[in-house]
Each structure stands twice: as C-alpha cells, then as structure tokens.
Amino acid sequence: MGLAAVLFAKSADRAFGLFRSMVRHGGWVPFLLTPATFALLSGLTEGALRATRGSGIPQAMAALAVEDEGFRQRLLSLKVAVGKLVLTLVALAGGASVGREGPTVHVGAGLLYSIGRRFGFDEPAAAGRFILAGSAAGLAAAFNTPLAGVVFAIEEMAGAFEHRMSGTLLTAVILAGIVSLGWVGNYAYFGTVAAYLPLGRAWLAVLLTGVAGGAAGGLFARLILPSAMGFRGYLRSLRSRQPVVFAAACGLVLVLLSQSSTDGLYGTGYDQARAILEGHASTGPWFGGLKFLGNLVSSWAGIPGGIFSPALAVGAGLGGDIAQWFPAADMPAVVLLGMAAYLAGVTQAPLTAVVISMELTATHQMAVPLMGACLLARATSALFCPSPVYKALARELVLTHEASKVRASNG
C-alpha cells in the first residue's frame with residue numbers, strides 16, 4: 001500500500017506538471033483541454049467505473065458499513081482501484097481542482113480488501129478490518145502522516161474503535177509508513193513551518209478562523225451533497241439528463257474562474273498553500289474564495305478526485321486573509337489555523353484536522369490553538385450541514401444499494 005501511494009503521488013505530480021507544460025503553449029489551452037477532460041471523465045465513469053467518481057472516501061465508508069460481498073466488490077475491486085488511480089491522474093492532467101489523498105484512501109481500502117480475500121479473510125467482519133486498515137494506510141502514506149491515518153480511521157471511517165481492529169490497522173499504517181520513509185525519506189508534506197501563537201490578542205485569530213473556516217467548510221459540504229430540492233436538486237437534474245455536457249460546462253467554469261487568479265485554480269493547490277504558509281505567495285487576496293468555487297465545480301462534475309488537498313489550499317487562502325487583520329501575530333500560525341479550521345469544517349472531523357495539520361507542518365507547538373479552532377469549526381459547520389459530508393455521501397451509496405435490492409426482490 002505504501003509503495004502504491006508513493007508511486008501514485010509521484011505520478012500525480014507528473015500529471016499536473018504535464019498540464020502546466022501544455023498551458024505554457026498558450027492561454028487558450030485550458031479552454032479546450034479542461035472541459036474536454038471533464039467530459040471524457042464523465043463519460044468513462046457512467047458505467048462499470050461509476051464507483052471511481054468523487055473522493056473515494058465515501059465508497060470505502062459504505063463498503064465498511066455494508067457486509068455484502070457483491071456491494072463491496074462493486075466499490076473496491078482491483079478494477080475499480082486501478083481505474084481510480086488512472087482517472088484521477090487524467091483529471092490532474094486536465095487541470096481539475098482535485099486532490100489525490102481521497103483516491104489514495106479508496107485505493108488502499110480496495111487493495112487490502114482484495115489481498116485479505118485472496119488469503120482467505122473473506123468473512124465479512126474480517127474483510128471489514130482490512131478495509132479500515134487499508135483506508136488508514138492510504139491516508140498515512142499519502143501525506144506521510146502515520147498518526148493522522150490512525151486518527152482518521154477511528155474518527156471518520158469507523159466512528160468507533162474496536163480492540164480487535166487495532167492490530168491490523170496499526171500493522172498496515174506502520175508498513176505503509178516504512179515504505180514511504182524508505183522511498184521519499186522523513187519529510188513534512190508542507191515542510192517544517194516555524195509557527196507560534198502566544199497568548200494574548202493573537203488568540204482572537206483562533207476564534208475568527210474557527211468560525212469562518214467552519215462556516216465556509218460547512219457551506220461547501222452542504223453544496224456538494226445531493227438533494228432533490230432547491231438549487232442542488234436543479235443541478236442534480238441537469239447532470240442526470242446530460243452528464244457529459246454538464247461536466248464539460250463545469251470544466252469551462254473552472255477555467256473562467258482561474259482567469260481571475262494569478263496562479264490559477266488548477267490541481268491540488270499544494271504549491272499555493274505552501275507559498276502562503278511561507279509568506280511569499282502571489283495568489284492575491286481572493287485566492288481562498290476562488291479556490292472554494294473551483295473545488296465546488298470540480299465536485300459537481302462528478303469526476304474522480306479528492307477534496308483534502310484542495311481544502312487545505314482554500315483554508316490557507318482564508319488564513320492568509322485573516323492574518324492581515326493581525327499584523328502582530330505570527331502569519332504562518334494564522335494560516336495554519338485557517339487550513340485546519342476549514343478542513344474540520346468540510347469533514348466535521350476535528351481530531352483528524354488537528355493531527356494532520358500538525359504532522360503536515362511539524363508544528364506540534366500549535367496543538368492547543370489548533371484544537372480550539374477545529375472544535376469551533378466543527379460546531380459552526382454543523383449549523384450549515386448537520387450531517388458530516390463523507391458519512392452523508394456514504395449513506396447515499398448504501399441507500400441506493402438497498403433500493404436496488406428491493407427492486408430486484410420485487411422484480
């Protein structure tokens with residue numbers, strides 16, 4: 001799993017590098033390439049590869065919840081895992097505003113599920129432990145954050161932690177971490193960031209980033225959840241009638257939005273987030289809001305790709321804007337608070353957001369203010385989106401499966 005995650009990460013960087021090299025041939029290239037890529041991916045994921053759509057985390061959660069071998073195979077087969085890898089790379093090569101971490105979780109769950117069944121662990125509960133362990137290992141290897149992988153499995157994937165799961169889960173995370181360390185070394189995803197938030201007025205940034213990040217994250221989560229009513233119902237109807245045309249239109253909107261941003265809104269947003277953290281960004285004051293919209297239209301298109309890294313980029317932009325209001329505060333500290341708070345707002349998983357933010361930047365001294373911001377973000381997000389986004393999307397998959405079983409039994 002660790003080897004697959006590292007190879008996928010390097011391939012994702014090359015795929016997005018290919019997009020950048022094509023864009024250098026002229027500003028007209030994204031207007032053709034990005035909508036065409038969105039349309040192609042929409043068409044390819046209409047049939048047998050439908051399970052490759054979106055982040056991949058909801059698919060892993062749904063497979064963990066439903067002990068049905070046929071359902072799990074449809075979501076986690078090797079064909080789906082390979083399709084997820086390839087199509088996410090295509091999305092990045094086309095400039096989509098997506099991440100690779102959610103897909104890595106999906107692939108990790110699929111690989112360990114398939115390996116477990118191959119070695120005779122096909123009893124539903126045992127297979128579920130492999131799904132959980134693969135999901136944790138995928139996140140740990142994607143970010144080089146072993147502790148965050150464990151916390152993610154407990155808080156987001158399982159909802160509760162059973163003692164008998166701990167050995168499989170920790171073994172998978174440790175092995176993935178060893179492979180990642182051996183291949184790329186001991187590194188922090190965003191580099192080591194010197195950030196510190198002393199007690200005093202600077203702590204107002206905890207309140208502000210927590211509330212603003214939670215509100216923005218909750219709004220994003222609400223807007224990407226399916227609904228039969230209102231604006232989201234209208235979008236769902238458009239996509240169901242003309243999915244390929246709708247996806248192409250989303251790609252065109254992403255390109256138009258990118259024209260308003262100095263560095264564009266394409267890809268994971270890693271470079272922009274790191275530049276904002278380091279204090280030498282050229283993204284402009286509206287980057288966070290524009291990236292928010294870019295992530296939104298990419299999610300609406302239904303193409304393969306995650307929201308973790310793009311969410312961190314939105315949070316960095318938000319934190320950078322808020323840092324301007326606190327000139328006496330340490331700017332990297334406020335930016336980091338924004339990243340963690342927005343991620344907590346989107347996922348409603350505050351512990352994961354805290355741990356992953358600390359491990360990504362090697363800033364353990366920020367633990368307490370990060371906890372405060374993420375708890376505020378979680379509470380604020382729930383006002384906009386009562387159900388955590390991954391759990392709601394997983395529940396949609398489960399309900400669709402149950403409805404198809406009822407139709408089959410009645411037919």
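This note covers aromatic pairs, one helix with a buried side, and one loop residue in a predicted model.

1. Aromatic pairs. Six aromatic pairs turn up when the whole structure is searched. One of them joins Phe152 and Phe308: the ring centres are 6.4 Å apart and the planes stand at 75°, so this pair is edge-to-face. An angle over 60 degrees is what that label requires.

2. What the Phe152 pair connects. Phe152 belongs to helix α8 (residues 146–158) and Phe308 to helix α15 (residues 308–323), so the contact between their rings ties together parts 156 residues apart in sequence. Phe152 has 1% relative accessibility and counts as buried. Phe308 is buried as well, at 2%.

3. A second partner for Phe308. The ring of Phe308 also pairs with that of Tyr390; here the centres are 6.5 Å apart and the planes lie at 15°, so the arrangement is stacked. The cut-off for stacking is under 30 degrees. Since Phe308 is in helix α15 and Tyr390 in helix α19 (residues 389–410), the pair ties together parts that are 82 residues apart in sequence. Tyr390 is buried, its relative accessible area being 1%.

4. Another aromatic group. Phe16, Phe19 and Tyr266 make up one aromatic cluster.

5. The buried side of α4. Helix α4 spans residues 69–76, and Phe71, Arg72, Leu75 and Leu76 are buried in it. Around the helix axis these four cover an arc of only 105°, which means that they sit on the same side of α4. The general background is that an α-helix has 3.6 residues a turn, so residues three or four places apart point the same way.

6. Neighbours of α4. Which helices do the buried residues of α4 pack against? They pack against α3 (57–65), α5 (78–93), α6 (101–118), α7 (124–143) and α19. Helix α19 is also the one that holds Tyr390, the stacked partner of Phe308.

7. The start of α4. At the N-terminal end of α4, Asp68 acts as the cap, with a side-chain oxygen 3.0 Å from the backbone nitrogen of Gly70.

8. A backbone angle to check. Gln348 has a phi near 55°, which is positive although the residue is not glycine. Gln348 is located in the loop between α16 (331–347) and α17 (350–361). Is this loop residue buried or exposed? With 7% relative accessibility, Gln348 counts as buried, because the limit is under 20%.

Definitions and conventions: Residues numbered from 1 in each chain as written. Predicted model: local features only at pLDDT ≥ 70, side-chain atom pairs only at ≥ 80, totals over all residues. Heavy atoms only, no water. Helix = DSSP H or I, 4+ residues; strand = E, 2+ residues; numbered from the N terminus. Buried < 20%, exposed > 50% of the residue type's maximum accessible area, 1.4 Å probe, protein only. Arc of directions from axis to C-beta. Contact = heavy atoms within 4.5 Å. Polar contact = N/O pair within 3.5 Å; in protein donor to acceptor, adjacent residues only side chain to side chain.
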